[in-house]
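Trainee: I should like to work through a structural model with you, one question at a time. Could we begin once it is on display?

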Amino acid sequence: MRGRVATGLTLIVLGLGLYGMRYLEPVGESVTLTLLGGLCIAAYLYTRFYLLLVIGGIVTGLGIGSFGERTFYFVGEFTELGLGIGFVLIWLITLVYQRRSHWWPLIPGAVLMLLGFRAWGSFRRFLFSEGWPLILVIIGVLILLGSIGRSKGARRAKRS
């Protein structure tokens, strides 16, 4: 019951915020998206309803990307980078809050962040010419860290 009420209220506020965003100045849009995403994440922390975290991560990422696009327009595709950060946030918040996390958000997060970085000149040349195996190393480390956290939780459960 508590989860459904929080989800319903969050979706109402999210919808009203997205609708009202059309009437704000350009930076107001970024702030609104970030705050609405934060609201969804807060609702997740209260209810543990995973869909709220997914919505919150994506909307927060869009807010970060929108702000970066307007502020650092000379850098490149900040929208994709922000959205990728939003997906990584989903993974990170779940890992911190529940002490375990599934790796699925890292895939769209990594792809979107790479697309965002592709316009960043020398970094792009390095990453796509000789540095791309490092991406596999990073993903492998993240998976190992997730499994270590999961095995500690399993040991604690056996002791109880």
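The exchange below concerns a predicted model.

Trainee: Which elements does the protein contain, and how many helices are there?

Mentor: From the N terminus on, the order of elements reads α-α-α-α-α-α-α. Strands number zero in the protein, and the count of helices is seven.

Trainee: What percentage of the contacts with a separation of 6 or more is accounted for by residues 24 or more positions apart?

Mentor: A contact here requires heavy atoms within 4.5 Å. Of the contacts in the protein with a separation of 6 or more, the share from residues 24 or more positions apart is 57%.

Trainee: Which helix supplies the largest share of the largest nonpolar core?

Mentor: That core has eleven residues, among them Ile41, Tyr44, Leu53, Val54, Phe87 and Ile90. Two or more residues come from each of helix H2 (26–47), helix H3 (50–71) and helix H4 (78–98). The largest share is four residues, and the helix that gives it is H4.

Trainee: Leaving aside neighbours within four places in sequence, which residues are in contact with Val54?

Mentor: Val54 is itself one of the residues of the largest nonpolar core, and Ile90 belongs to that core as well. With neighbours within four places in sequence set aside, the contacts of Val54 are Ile90 and Trp104.

Trainee: Which helix gives the most to the nonpolar surface patch?

Mentor: The patch covers about 600 Å² and is made by Trp103, Trp104, Ile107, Val111, Leu115, Ile139 and Ile143. Helix H5 (106–117) and helix H7 (133–159) each give two or more residues to this patch. The greatest contribution is three residues, and it comes from H5.

Trainee: Is Ile139 buried, partly exposed or exposed?

Mentor: Ile139 is found in helix H7 and helps to make the nonpolar surface patch. Buried means under 20% relative accessible area and exposed means over 50%. Because its relative accessibility is 34%, Ile139 counts as partly exposed.

Trainee: Where does Arg48 lie, given its positive phi although it is not a glycine?

Mentor: Most residues other than glycine have a negative phi. Arg48 is not a glycine, yet its phi is positive at about 60°. Its place is the loop between H2 and H3.

Trainee: Is Arg99 buried or exposed?

Mentor: Arg99 also has a positive phi, about 65°, without being a glycine. This residue lies in the loop between H4 and H5. Because its relative accessibility is 58%, Arg99 counts as exposed.

Methods:
Residues numbered from 1 in each chain as written. Predicted model: local features only at pLDDT ≥ 70, side-chain atom pairs only at ≥ 80, totals over all residues. Heavy atoms only, no water. Core = buried A, V, L, I, M, F, W, Y, C linked by side-chain atoms within 4.5 Å. Buried < 20%, exposed > 50% of the residue type's maximum accessible area, 1.4 Å probe, protein only. Patch = residues over 30% accessible without salt bridge, like charges linked within 9 Å, V, L, I, M, F, W, Y side chains within 5 Å. Areas by Shrake-Rupley, 256 points an atom, 1.4 Å probe, with all protein chains shown as cover. Salt bridge = Lys/Arg side-chain N within 4 Å of Asp/Glu carboxyl O.
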